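This briefing covers chain symmetry and helix packing. Please look at the sequence and the structure first.

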There are 2 protein chains.
Amino acid sequence: MGTRVLQAARELGVDIDSICGGRARCGRCQVEAVEGSFAKEQIVSSPRHLTEMGEAEQYCLQRGRLDDGNRLSCQAKILGDVRIDVPASSQVHHQVVRKDYEAHDIKLDPVVHLYFVEVGQADMHTPEGDLQRLMRALKEEWGLTGLSCDLVMLQQLQDALREGKWQVTVAIRYGNQIVAVWPGFRDQVFGAAIDVGSTTIAVHLCDLISGEVRASSGAMNPQIRFGEDLMSRVSYAMLNPEGAGQMTTAVRQSISRLIADTAGQAGIGIEDILEITLVGNPVMHHLLLGLDPTPLGVAPFALATDRSVDIWASEIDIELHPNARAYLLPCIAGHVGADTAAVMLAETPWESEKISLVIDVGTNAEIVLGNSDRLLAASSPTGPAFEGAQISGGQRAAPGAIERVRIDPETLEPRFRVIGCELWSDQPGFDEAIGEQGVTGICGSGIIEVVAGMYLTGIIRADGSVSGDARSRSNRIQASGRTFSYLLHDGEPRIVIEQGDIRAIQLAKAALYAGARLLMDRMGVDRVDRIRLAGAFGSHIDVKYAMVLGMIPDCDLGQVSSANNAAGTGARIALLNRASRIEIEQRARTIEKIETAVDAGFQQHFVDAMGIPHTTQAYPELSRVMDLPQSPQATSDAVPGRRHRRRRRRG
Amino acid sequence: MGTRVLQAARELGVDIDSICGGRARCGRCQVEAVEGSFAKEQIVSSPRHLTEMGEAEQYCLQRGRLDDGNRLSCQAKILGDVRIDVPASSQVHHQVVRKDYEAHDIKLDPVVHLYFVEVGQADMHTPEGDLQRLMRALKEEWGLTGLSCDLVMLQQLQDALREGKWQVTVAIRYGNQIVAVWPGFRDQVFGAAIDVGSTTIAVHLCDLISGEVRASSGAMNPQIRFGEDLMSRVSYAMLNPEGAGQMTTAVRQSISRLIADTAGQAGIGIEDILEITLVGNPVMHHLLLGLDPTPLGVAPFALATDRSVDIWASEIDIELHPNARAYLLPCIAGHVGADTAAVMLAETPWESEKISLVIDVGTNAEIVLGNSDRLLAASSPTGPAFEGAQISGGQRAAPGAIERVRIDPETLEPRFRVIGCELWSDQPGFDEAIGEQGVTGICGSGIIEVVAGMYLTGIIRADGSVSGDARSRSNRIQASGRTFSYLLHDGEPRIVIEQGDIRAIQLAKAALYAGARLLMDRMGVDRVDRIRLAGAFGSHIDVKYAMVLGMIPDCDLGQVSSANNAAGTGARIALLNRASRIEIEQRARTIEKIETAVDAGFQQHFVDAMGIPHTTQAYPELSRVMDLPQSPQATSDAVPGRRHRRRRRRG
């Protein structure tokens with residue numbers, strides 16, 4: 001009796017959070033007192049169960065640090081039987097609410113924690129340093145030992161102690177690095193999760209106390225001016241002595257700007273940010289760190305390091321708190337980067353016995369296959385076709401780009417949607433809705449759908465050739481040199497699907513499929529239980545059409561889904577959960593790395609996978625949900641969709 | 001038989017050095033084969049004892065890496081009984097030859113060592129990072145594990161591996177930090193020991209392989225323009241918001257320039273320097289690190305930290321190898337700095353049962369007393385009189401300053417020497433020798449000697465007052481207001497010893513003596529076995545005169561000596577011997593810190609010590625070697641030297 005709730009809870013092994021160390025300042029330890037049939041208000045105010053609210057709690061209540069009806073467990077004392085509920089937000093390691101596309105919750109336990117302490121004042125009789133007094137207070141009050149401290153922190157300490165009248169809040173990283181100090185009490189500290197894509201850079205500013213995303217910001221990767229895709233950037237670095245340095249500076253500046261933007265949105269200063277996590281493919285990773293990317297451009301595609309990198313943010317010129325740290329997830333192999341590590345962390349395929357296939361589609365498709373028993377990774381050289389590059393009329397996924405396409409099986413007339421507009425092109429008001437910009441091109445998901453649609457409507461044969469016979473069905477099929485093309489959009493610009501575009505998509509999808517199959521072979525499985533498509537491409541694509549094209553192996557369509565920005569999610573997990581860093585470092589080391597470039601099996605799968613779809617036998621699932629030409633042979637001539645469908649119904 | 005000498009030696013527990021790992025490149029492992037009555041040449045070439053010299057050894061011989069007559073122990077194989085001498089320079093931890101004034105040898109074992117390795121080439125089938133390949137090679141070849149590496153090193157690694165065709169030399173710090181990498185073989189690496197005095201800054205460039213000092217350079221501390229002594233610099237920082245920053249910049253720039261100067265002298269680049277050690281008093285230490293010195297200016301004189309500081313040199317803007325580190329010895333207390341720690345390291349009073357008193361005289365006298373049982377430290381507020389400040393005609397020890405003075409006991413005529421001239425002022429050619437600069441002032445040791453001389457010749461009484469009666473003996477004694485003065489030099493400027501100057505010296509010497517006595521009281525001893533005087537002042541002073549004045553406690557004069565630049569020596573020890581850092585860190589923590597400012601015993605000793613010498617009883621040693629006035633009472637009137645001496649002879 002008379003024990004404080006906080007103490008009682010700890011004695012029972014219940015971890016309640018606290019920054020102020022039981023001084024009724026932070027409100028982190030608040031709990032709800034409930035009991036059987038009594039109304040909550042009665043309980044809380046009942047002297048029979050908990051002591052009355054004192055001044056300290058009233059003060060906290062007024063400042064909005066204590067929710068109405070709750071009590072501070074560091075203040076309320078137990079006077080009788082009482083049932084205490086510890087809200088999730090007061091638990092030391094509470095879960096961060098996940099979004100729909102995210103595979104699992106994040107357990108909040110960031111590498112940086114705040115501790116409020118009262119430090120013994122300097123005293124002539126015991127000539128200790130300020131730092132040693134601080135460390136002693138942290139040991140006595142919080143049980144923290146083995147602490148280190150660097151110069152930047154030391155430079156802040158003297159003023160903080162004196163300004164705070166020997167009361168300070170410190171930030172401690174990994175439980176042993178004192179990284180920041182502020183005078184007096186403080187209960188806010190921030191971090192940023194940064195996804196450095198070759199096309200776009202995205203920053204998510206997170207509150208490290210609540211785990212919430214407080215602001216997000218994104219921008220085109222400014223390196224694009226040095227080369228649209230990764231390999232052209234590597235070439236630029238090879239050909240220009242200052243090239244890599246220019247790209248390094250550009251990406252660092254862009255990240256600093258984006259972070260400042262999110263800080264502005266959230267109404268905080270950049271110096272309130274103490275920790276950032278960064279993910280990116282190996283070339284992005286190397287350029288960001290000021291490492292030479294050119295070894296990644298030629299065999300044997302050697303990484304400078306395959307381990308995580310933990311440095312000061314200032315070492316890579318990111319403007320934050322002067323002592324902020326940057327953590328880069330490990331790259332796995334020459335083409336399998338820290339972005340894939342982040343995707344793995346977001347998807348945790350190792351947590352289930354079911355076999356997951358996780359694909360991050362970009363210039364290369366980075367593929368992870370496995371379950372709790374075994375994990376494999378490979379990169380497949382899909383080339384940039386899925387990103388709209390090297391396609392006539394192709395472009396990156398950006399406003400104005402055609403992203404969805406349907407072709408009428410009778411008339412062969414297309415209808416489509418463009419990014420930035422909710423209407424289909426055949427709906428009233430479409431022209432007004434897309435505005436002056438109009439239709440600017442076609443992006444990856446649009447290309448997938450139009451090629452799949454051309455196949456489903458018999459415009460192209462299973463071998464990928466555009467059938468000249470289709471000219472009789474629609475004048476959208478036109479001769480184009482010695483081959484034929486399909487006019488998708490007769491505007492400015494005209495968007496025409498050429499035979500070469502279809503070949504590029506065939507090469508890309510065959511590479512992706514062959515990479516996945518190679519991993520399946522290595523694992524000794526014929527079928528996967530689950531497919532997750534990560535990245536911008538994965539979040540836009542209609543998985544049915546991906547399967548029609550033969551991009552991905554057969555799988556229950558209900559088990560094929562988008563992992564959305566899984567790389568960004570992984571960066572956020574590494575920011576918010578300390579143990580996840582150790583997890584991914586271990587997984588990255590032990591995952592079996594399969595090099596597709598030198599594998600005969602890959603080459604065979606690749607050749608076999610060129611058709612659309614290469615074998616219907618490979619897709620029992622697809623046969624269930626869609627009408628498909630029965631076999632490549634059966635569609636060697638133009639087969640209009642309707643006739644084909646009729647035939648299947650007969651069979 | 002047929003075993004290589006290196007291997008045989010290691011099996012016998014004899015540590016022979018090597019950088020190249022037995023590849024006949026570094027020459028570090030060379031040994032001398034000697035045997036009984038045979039001439040050396042015969043032995044070395046005798047197939048009966050060692051294999052013949054092969055190409056590799058010949059190559060080393062030609063390149064000057066192998067001394068004539070020696071053999072490479074990594075190449076020569078043993079064919080029969082043979083006696084091998086391992087020269088000191090081939091031993092892993094050989095001794096660095098000491099200078100006269102140094103207390104002990106330095107065992108060479110710097111924190112940085114070089115290792116040559118052949119790294120496995122990057123290979124597509126095992127997609128490891130370059131860094132991981134390097135680490136594997138270091139483990140397999142040198143048994144090094146648990147290695148870390150930072151970004152700066154990683155940024156150099158890719159090029160070094162490829163330029164060196166996967167053969168590189170790495171520098172490893174503390175046995176686990178990879179700090180630098182160079183393509184191919186390398187056997188040179190440098191460090192610098194830096195003594196940041198409030199008046200002068202001195203840099204000693206050391207070869208970390210041989211331990212030799214390769215170049216030295218010194219300069220005035222540029223902070224002097226912000227304040228002559230420490231307290232005026234602290235005041236400047238208090239009064240000017242940018243003051244501390246200006247002084248920080250000034251000292252860092254000066255250190256960088258001095259290092260560059262030593263590098264130029266030695267014909268190396270600053271990027272060949274990987275490690276520096278720095279010592280200085282607390283104010284110098286704090287300003288160098290960019291810490292606020294103002295808490296050191298007022299009670300309780302709180303240090304920011306009382307531990308050693310180990311940082312990148314770039315963090316304090318010292319221009320060296322981009323990954324060079326800086327180590328600052330610990331400050332001990334608010335007035336007892338890293339310079340005192342360095343003096344302790346140079347003197348190691350804890351290695352003997354005899355009681356040592358080590359005094360570093362500056363604006364404060366920093367005093368260490370102790371032996372293998374117990375160590376105590378204090379700082380005594382001598383003020384700047386010993387440095388020539390606050391003395392009429394006083395100046396720092398610099399060319400033109402009077403440093404030695406003798407006064408003729410009959411005529412009271414002085415003769416003196418000035419810094420930068422070997423002649424005494426009464427020797428022929430003196431005026432020509434001192435040249436145009438002439439006599440500019442009087443420095444600390446000169447003041448000590450002139451005051452002691454005035455006492456010995458009866459010009460001043462034991463209470464420090466100048467006797468007006470002495471005017472009858474020489475017109476150099478003149479009335480000066482209500483007191484009397486002594487004309488030391490009638491030139492431009494005139495150098496006159498005023499009553500106030502004598503008072504300043506009395507205060508300073510009383511403080512120094514009282515500090516030493518306080519420590520002796522605390523230790524419970526009446527006498528010390530040994531006195532070492534460190535610093536520029538300590539190296540110029542004639543210890544006899546220091547004792548005449550009553551500056552230091554009684555001690556066998558043969559056991560009173562100059563430790564010369566012991567602070568610089570300590571910095572060099574910390575640079576060259578890794579274990580010494582741990583030693584001084586422990587000693588600095590455990591030494592008993594005595595605060596003189598709040599000690600009643602100190603005040604009493606101080607008052608008692610104002611006379612010259614305060615009691616002859618206190619100096620049996622001095623009575624043995626010099627004629628002294630018998631007691632303060634006996635000299636309360638003017639007693640001409642001769643009469644006094646006669647009286648003693650009679651008695």
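**Helix packing and symmetry**

In chain A, the residues A:R233, A:Y236, A:A237 and A:L239 of α6(A) meet A:G243, A:A244 and A:M247 of α7(A); contact means C-beta atoms, placed from the backbone, within 7 Å. This contact divides into five nonpolar residues, one polar and one charged. The model is predicted: local features need pLDDT of at least 70, side-chain atom pairs count only at pLDDT 80 or more, and totals for chains, interfaces and linings use all residues. Residues are numbered from 1 along each chain as its sequence is written, while chains are lettered from A and ligands numbered from 1 in the order in which they are written.

**Helices α6 and α7 of chain A**
- Helix α6 (residues 230-239) and helix α7 (residues 243-266) of chain A pack at about 130°, with axes 6 Å apart.
- α6(A) and α7(A) are therefore oblique to each other (neither under 35 degrees, over 145, nor 65 to 115).

**Helix α6 of chain B**
- B:L230, B:R233, B:V234 and B:A237 of α6(B) are buried (20 or more other C-beta atoms within 10 Å of the residue's own).
- Seen down the helix axis, the buried residues of α6(B) fall within an arc of 100°, so they line one face.
- These buried residues pack against α7 (243-266) and α8 (282-289) of chain B.

**Symmetry**
- A turn of 180° and a shift of 0.0 Å along the axis lay chain B on chain A with an RMSD of 0.1 Å, superposed on C-alpha atoms of residues with pLDDT of at least 70 in both.
- That is the relation of a two-fold axis.
- Of the residues of chain B, B:E315 comes closest to the rotation axis, at 5.5 Å (C-alpha).
- The same surface serves both copies, as 100% of the contact residues of chain B recur in chain A.

Key
Two residues are in contact if their C-beta atoms, placed from the backbone, lie within 7 Å. Axes are lines fitted to C-alpha atoms, for helices over the stretch in contact, and angles run from 0 to 180 degrees between N-to-C directions. Helices (H or I, at least four residues) and strands (E, at least two) are DSSP runs, numbered from the N terminus. Ala, Val, Leu, Ile, Met, Phe, Trp, Tyr, Cys and Pro count as nonpolar, Asp, Glu, Lys and Arg as charged, and the others, Gly among them, as polar. A residue is buried if 20 or more other C-beta atoms lie within 10 Å of its own, exposed if 12 or fewer, and partly exposed in between; C-beta atoms are placed from the backbone. The arc is that of the directions from the helix axis to the C-beta atoms.
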